[in-house]
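User: I would like a close look at a single part of this model, followed by an account of how that part sits within the rest of the chain. Please keep the answer connected.

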Amino acid sequence: MAAAFEEHGINMASFDVSAALRRSGPPFRKTSGQPAESSLVTTGGITLRVDRLEKAGLVVRVRDPEDRRVVYACLTEEGLRVIDATAAAHFGNESRMLAGHSADKRKQLARLLQELEPSIVTNESAELEEDSV
């Protein structure tokens with residue numbers, strides 16, 4: 001996976017933020033708090049990732065015209081091109097990794113991963129709470 005990201009000049013952290021912006025649909029923007037709500041990364045961590053993406057020319061920050069306190073990270077045209085190319089390479093890589101398994105086995109794996117996700121989130125949330133005490 002790292003090789004697919006490196007080929008497009010980003011890393012997993014940049015991919016996560018860029019993909020969240022891409023999934024939001026046009027105009028491909030979110031505040032730092034919005035991706036933080038759906039991940040285990042703090043708003044500060046998201047801000048650092050956005051800083052790096054902005055320096056690379058993949059996002060720009062735009063103030064909300066109605067509430068100047070709100071700042072959005074928006075994908076640039078180059079950012080959209082990079083995330084689309086990276087996602088295609090990433091998903092192609094995953095397809096190749098699973099190609100040796102039958103459709104039933106892939107469905108079984110997907111179901112098992114869906115069952116596993118809540119326990120991972122619960123355990124990581126508990127660890128974060130312990131760390132903050």
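What span should the 22 residues of α5 have at 1.5 Å a residue, and how far apart are its end C-alpha atoms?

Analyst: The model is a predicted one. At 1.5 Å a residue, the 22 residues of α5 should span 32 Å, and the end C-alpha atoms of the helix are 32 Å apart, which agrees. A shorter stretch within the helix can be given as well: S95, which lies in α5, is 17 residues from E78 in sequence and 26 Å from it in space, C-alpha to C-alpha.

The two sides of α5 can be taken in turn. Its buried residues are G79, V82, I83, T86, A87, H90 and N93. They cover an arc of only 130° around the axis, so they lie on the same side of α5. The face turned away from that buried side carries the exposed residues E77, A88 and R96. S95 belongs to neither of these classes, because its relative accessible area is 49% and exposed means over 50%; S95 is therefore partly exposed.

The buried residues of α5 pack against α1, α2 and β3. One point of contact with β3 can be followed through L75. Leaving aside neighbours within four places in sequence, L75 is in contact with S18, L21, R22, F28, L58, V59, L80 and I83. Of these, I83 is also one of the buried residues of α5.

These packing relations lead to the nonpolar core. The largest such core has 18 residues, and those with the most contacts inside it are I10, F15, V17, L21, V50, V59 and L75. Two or more residues come from each of α2 (12-23), α4 (43-55), β3 (71-75) and α5 (77-98). The greatest contribution is that of α2, with 4 residues.

Turning to α1 and α2, the structure holds 1 aromatic pair. The ring centres of F5 and F15 are 4.8 Å apart and the ring planes stand at 35°, so the pair is tilted. F5 lies in helix α1 (residues 2-7) and F15 in helix α2, so the pair ties together parts that are 10 residues apart in sequence. Both rings belong to residues that count as buried: F5 has a relative accessibility of 2%, and F15 has one of 8%.

Another contributor to the core, α4, allows the same kind of description as α5. At 1.5 Å a residue, its 13 residues should span 18 Å, and its end C-alpha atoms are 18 Å apart, which agrees. In α4, the buried residues are G45, I46, R49, V50 and L53. Seen down the helix axis, they fall within an arc of 140°, so they line one face of α4. On the face turned away from the buried side are the exposed residues R52 and K55. The cover over the buried residues of α4 includes α2, α3 (33-37), β2 (59-63) and β3. After α4 comes G57, with a positive phi near 80°.

The loop between α2 and β1 (29-30) has backbone features of its own. Most residues other than glycine have a negative phi, and most peptide bonds are trans. P26 and P27 are joined by a cis peptide bond, with omega about 10°, and P27 is placed in this loop. F28 is in the loop between α2 and β1 as well, and its phi is positive, near 55°, in a residue other than glycine. F28 is buried, with a relative accessible area of 13%, and is among the residues in contact with L75. R29, in turn, lies over the face of Y72, at 3.9 Å from the ring centre.

For the setting as a whole, the chain has 6 helices and 3 strands. Along the sequence they follow the pattern α-α-β-α-α-β-β-α-α. The C-alpha trace spans about 50 × 40 × 25 Å along its principal axes. Of the 133 residues in the chain, 27% are buried. Among contacts with a separation of 6 or more, residues 24 or more positions apart account for 48%.

Technical notes. Residues are numbered from 1 along each chain as its sequence is written. This is a predicted model: local features need pLDDT of at least 70, side-chain atom pairs count only at pLDDT 80 or more; totals for chains, interfaces and linings use all residues. Side-chain values use heavy atoms; hydrogens and water are left out. A nonpolar core is a set of buried Ala, Val, Leu, Ile, Met, Phe, Trp, Tyr and Cys residues joined through side-chain atoms within 4.5 Å. Buried means under 20% relative accessible area, exposed over 50%, partly exposed in between (1.4 Å probe, protein chains only). Contact means heavy atoms within 4.5 Å. The expected span of a helix is 1.5 Å times one less than its number of residues. The arc is that of the directions from the helix axis to the C-beta atoms. Rings of Phe, Tyr and Trp (its six-membered ring) pair if their centres lie within 6.5 Å; planes under 30 degrees apart count as stacked, over 60 as edge-to-face and the rest as tilted. A charge sits over a ring if NZ of Lys or CZ of Arg is within 6 Å of the ring centre and within 35 degrees of the ring normal.
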